[in-house]
Amino acid sequence: MKIKRENYGWLFATVLLALLLALSIYLGVSGWYFKTDISYTTDLELGKTVQMSVKKNEASSISMNLDGSYLAGDRLPQIVSIKNMDDEASVYLRAKIFIYSGDNQILKMDMVETVNWEYDQADGYYYFTDLLTMQNKVALCSHLIIDNETHLQTNTKYIFTIVVEALEEDQDVVKIWGKNPIERS
């Protein structure tokens, strides 16, 4: 059977569509095209110093990838500092740290906090025991610690997050947070 010259375009289009169909079926069945990966794209790296910025009555967070190769109790070097970017007010601070897993679990993580931070076991927050004045900064932690009850799986990616909340010094911190971090009990 001889193919006429005017049918070459149709033949080319048919062969191309057949190849694309075969490729899409292969990728769909193999799962390569639809692969999901719990990764948070970030420029932050574990072990490098991180500075977070906050303003009055706002929250700020940072997140970094963490692989499952760490054991419970491991200490990971990570210096985190917080800067009050507000030009008008000093702020109360509190921070919380946790690990998020791909199966929607929140896992416990701890940190070696610096001076003037106290941990409240009741709500899981670290409270700064002084006011952070305008345009100043304070170190939050020097190391992150995988909690003894947290077991990470090898070849699994996790996201660890630090959330910092700041309240203006004129706010009723006891009503909002349930405690005044400056008044020692």
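R94 is buried, with a relative accessible area of 10%. Buried here means under 20% relative accessible area, exposed means over 50%, and partly exposed is in between, using a 1.4 Å probe and protein chains only. R94 sits in strand β4, residues 91-100. Strands are DSSP runs of E with at least two residues, helices are runs of H or I with at least four, and both are numbered from the N terminus.

Quick word on the source. This is a predicted model, so local features need pLDDT of at least 70 and side-chain atom pairs count only at pLDDT 80 or more, while totals for chains, interfaces and linings use all residues. Residues are numbered from 1 along each chain as its sequence is written, and side-chain values use heavy atoms, leaving out hydrogens and water.

Now, which residues does R94 pair with in salt bridges? A salt bridge is a side-chain nitrogen of Lys or Arg within 4 Å of a carboxyl oxygen of Asp or Glu. Start with E165. Its closest O atom and the closest N atom of R94 are 2.8 Å apart. E165 belongs to strand β9, residues 157-168, so this pair ties together parts that are 71 residues apart in sequence. E165 is buried, as is R94.

Next, D123. Its side chain meets R94 in a salt bridge at 3.9 Å, N to O. D123 lies in the loop between β6 (117-120) and β7 (125-128), so the link to strand β4 spans parts 29 residues apart in sequence. D123 has 24% relative accessibility, which means partly exposed. Put the two bridges together: R94, D123 and E165 form one network through shared partners.

There is another pair to look at. D120 and K179 meet through their side chains in a salt bridge, 3.5 Å from N to O. D120 is in strand β6 and K179 in the segment after α2 (173-177), so parts 59 residues apart in sequence are tied together. D120 is buried at 18% relative accessibility. K179 is partly exposed at 26%. The full count of salt bridges is five.

Last, the surface. Where is Y26 found? In helix α1, residues 8-30. Y26 is exposed, with 54% relative accessibility. Y26 also joins F12, L16, L17, L20 and L23 in a nonpolar surface patch with about 670 Å² of accessible area together. Patch members have over 30% relative accessible area and no salt bridge; nonpolar side chains (Val, Leu, Ile, Met, Phe, Trp, Tyr) are joined within 5 Å, like charges within 9 Å. Accessible areas come from the Shrake-Rupley method with a 1.4 Å probe, and for residues only the protein chains shown count as cover.
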